[in-house]
Amino acid sequence: MGIDQVAGKTAQVRLGIAQVAGKTAQVQLEIAQVAGKTAQVRLEIAQVAGKTAQVRLGIAQVAGKTAQVRLGIAQVAGKTAQHQVKIARVGEEIAQEVIKTAKIAKIKAPIIQVSEIQ
């Protein structure tokens, strides 16, 4: 075999290697594209998760405001209950005065029978 033939076969082998390298580069490009798409999907998932977190934060803030409103209502109810207790005490004092007055009036007034009224 002559030098030219060896050189030709070497060139063919180099061409084959170059073609394999080209196919490898294509495969690597496709892998990179898939990785890029995966990264995009992950970014989109992260954005959705971020929006979900924002919604949850909003819900938590609304729940917090609701709790504050309920606390305010409970405080108003508590004050109302205190006022009702005070009113009840005043009512009790008035009732005691009425009982005292009735006892005094009973002493001063004669007892009237129901049959006498008709």
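1. Let me start with burial, since it sets the scene: of the 118 residues in the chain, buried ones make up 0%. Please keep in mind as you read on that this is a predicted model. The accessible surface of the chain adds up to about 10,800 Å², and carbon and sulfur atoms account for 65% of that area.

2. On secondary structure, the chain has 2 helices and 0 strands. Helix α1 covers residues 3-108, and the next points concern residues in this helix, among them valine 90 and the pair glutamate 97 and lysine 100.

3. You may like to look at the nonpolar patch on the surface. Val90, Ile94 and Val98 make it, with an area of about 260 Å². Is valine 90 buried or exposed, or something in between? Its relative accessible area is 44%, and because partly exposed covers values between 20% and 50%, valine 90 counts as partly exposed.

4. Now for the charged side chains. How many salt bridges does the structure hold? The count is 1, and the partners are glutamate 97 and lysine 100, whose side chains meet at 3.7 Å, N to O. That distance qualifies because the cut-off for a salt bridge is within 4 Å.

5. Why can these two residues reach each other? Glutamate 97 and lysine 100 are 3 residues apart in helix α1, so about one helical turn separates them. As general background, side chains of opposite charge can pair when their charged atoms come close.

6. Both partners are also partly exposed: glutamate 97 has a relative accessible area of 45%, and lysine 100 has one of 49%.

Key
Residues numbered from 1 in each chain as written. Predicted model: local features only at pLDDT ≥ 70, side-chain atom pairs only at ≥ 80, totals over all residues. Heavy atoms only, no water. Helix = DSSP H or I, 4+ residues; strand = E, 2+ residues; numbered from the N terminus. Buried < 20%, exposed > 50% of the residue type's maximum accessible area, 1.4 Å probe, protein only. Areas by Shrake-Rupley, 256 points an atom, 1.4 Å probe, with all protein chains shown as cover. Patch = residues over 30% accessible without salt bridge, like charges linked within 9 Å, V, L, I, M, F, W, Y side chains within 5 Å.
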